[in-house]
Amino acid sequence: MSTPEQIPPAGSAEETIAAIATPPGPGGIGIIRISGPESLPIFQKLFLPRQKKSPQVYESHRMYYGWIVNPENSTPIDEVLAVFMRAPNTYTREDVVEIQCHGSYLVLQEILSIIISDKARLAEPGEFTKRAFLNGRLDLTQAEAVLELIEARTDVGRAMAIGQLQGRLYESISAIQDRLVAMRAIIEVAIDFPEDESDILDSTALQEQLRSEVEVPLAALITRADEGKIFREGISAVILGRPNVGKSSLLNTLLEEDRALVTPVPGTTRDTIEEFVTIKGMPVRIVDTAGIRHTSEAVEEMGIQRARAKLADADLVLFILDATEPLTAEDQALYSSVKQNRKKQKVLLVLNKIDIGPGASPERFSAALGNEELVSISAKRQTNITELKDRIFSLITGPKKGTGWDPGAAVVPNVRHKDALKKGQEACRRVRLGLGGDISPDLLAIDIQSALDHLGDIVGDTTAEDVLDMIFERFCIGK
């Protein structure tokens, strides 16, 4: 085995890394991944083929069956399938070995400890994907898409991640960069031949080209980033109301399971209950809260305070009303507190228990509470729950997001991309205004280069090292 001095220093392009690539916990299969120049030599020391005789040459991308043994004493550790993949046709574009053993934590740790004691080190979070990016297999948007695919909570989120992984965002950014480069070339000619500047620079034509071919596509991408944020990160919806109006029943109905206790006794829910539900592809964190009222009971009061704290952070308030009773002073006081606290929060009035209060007037309830949008339901009988979900979706996304929107086909930037897009957009605005004024070509070229740099930050051409570290640190170890 090698001494520590023989192992290349961290960050070296020559070092070999290894990690467990499967989630923690028992499972049928566990995978250990090795990447780097020493992958095959390390594997050859550990692997004992089933046919007893090691092959002279391991074929790339061929599965081998045998045992992993401790190279110091030949003690068998586990029966495995393993594959060697030769660079550059691998995930990292380096030599890669993947060992598939039984999904025992002890077995995985034992194999990994032997690997990292011999010319390898434990991989950092996201380091395999970072190597794929640094070695040119993925651009930075595709690398981010890997994490988004892993973390996707809904089919819509998965579809958006797949689209980005396929390179759709990169292609859109690259097309805009190409147009800016062509414009910069014209401006640079004007810089080289100042006596012919007026003939070379057609300011009006360049302004229109910049507007239609660069600024309009940038604005569209920024708009899609706002839309995509909802489907990537989801929203928080707080179920609010006075005691015993059916808040917990609504939570159970939306989850399609009995998650919260439901009794006729007011104050049954003492703490907040949070669960995720998918509404038309949108992740929604539903928060069931304690009924808000004046109480001298200490535990219930703590639950009420937590409910108010959750209300402050909510994107949407589902304000529950009881169709079997007229609007009460408690309802009005609680609604007033919602209106006082709301910033960008949206409110949807939900008139519950229409199965036992069929004579209730939804219009009267809505008019008494500022004509807020209202939907009538029965959580117990699951009446109008589909309509409720539709109203929640349209309230958050807007009516234009109908069933025809295909997030898998759309180019949907994330929050980091949006920031760079807005900076690039501002640089392009300065160029367009400069073309209409008495601005020298030298200064125009500087602003065009600034726009190109901001777009380069998105795809990884000009991204700072600390930003790269921040992106890949969000990954799990082994990916």
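Val189 lies in helix H6, which spans residues 168-192. In this predicted model, Val189 has a relative accessible area of 36% and is therefore classed as partly exposed, since that value falls between the 20% limit for buried and the 50% limit for exposed residues. Eleven residues separate Val189 from Ile200 along the chain, and the C-alpha atoms of these two residues are 7.5 Å apart.

A step back to the whole chain helps to place this helix. The protein chain contains 16 helices and 13 strands. It has 479 residues, of which 48% count as buried. Among contacts in the protein chain with a separation of 6 or more, 67% join residues that are 24 or more positions apart.

Helix H6 also takes part in a helix pair, with helix H15 (residues 441-459) as the partner. The two axes come within 9 Å and cross at roughly 160°. Because angles over 145 degrees count as roughly antiparallel, H6 is roughly antiparallel to H15. The crossing of this pair is left-handed. On the H6 side, the residues that meet H15 are Tyr170, Ile173, Ile176, Gln177, Leu180, Val181, Met183, Arg184, Ile187, Ala190 and Ile191. Helix H15 contributes Pro441, Asp442, Leu444, Ala445, Ile448, Gln449, Ala451, Leu452, Leu455, Gly456, Ile458 and Val459. Sorted by class, the contact of H6 with H15 comprises 18 nonpolar, three polar and two charged residues.

A second pair is formed by helix H4 (residues 140-151) and helix H5 (residues 155-165), whose axes come within 8 Å and cross at roughly 155°. This angle, too, is over the 145-degree limit, so H4 is roughly antiparallel to H5. H4 and H5 pass each other in a left-handed crossing. From H4, the residues involved are Thr141, Gln142, Glu144, Ala145, Val146, Glu148 and Leu149, and they meet Arg158, Ala161, Ile162, Gln164 and Leu165 of H5. The contact of H4 with H5 is made up of six nonpolar, three polar and three charged residues.

The pairing of helix H3 (residues 127-134) with helix H16 (residues 465-472) has an angle of about 140°, and the axes are 10 Å apart. An angle of about 140° lies outside the parallel, perpendicular and antiparallel ranges, and H3 and H16 are therefore oblique to each other. Their crossing is right-handed. Thr129, Lys130 and Phe133 of H3 make the contact with Glu465, Leu468, Asp469 and Phe472 of H16. Its residues divide by class into three nonpolar, one polar and three charged.

Attention can now turn to the aromatic side chains. The structure contains eight aromatic pairs. In one of them, the ring centres of Phe43 and Phe47 are 4.8 Å apart and the ring planes lie at 20°, so the pair is stacked, the limit for stacking being under 30 degrees. Phe43 has a relative accessible area of 1% and Phe47 has 3%, so both residues are buried, given the 20% limit. Phe43 and Phe47 also belong to a cluster, in which ring pairs link them with Tyr58 and Tyr64.

Methods. Residues numbered from 1 in each chain as written. Predicted model: local features only at pLDDT ≥ 70, side-chain atom pairs only at ≥ 80, totals over all residues. Heavy atoms only, no water. Axes fitted to C-alpha atoms, helices over the stretch in contact; angles between N-to-C directions. Helix = DSSP H or I, 4+ residues; strand = E, 2+ residues; numbered from the N terminus. Parallel < 35°, antiparallel > 145°, perpendicular 65-115°, else oblique. Left-handed = near helix turned anticlockwise from the far one by under 90°. Contact = heavy atoms within 4.5 Å. Nonpolar A, V, L, I, M, F, W, Y, C, P; charged D, E, K, R; others polar. Phe/Tyr/Trp six-rings, centres within 6.5 Å; stacked < 30°, edge-to-face > 60°. Buried < 20%, exposed > 50% of the residue type's maximum accessible area, 1.4 Å probe, protein only.
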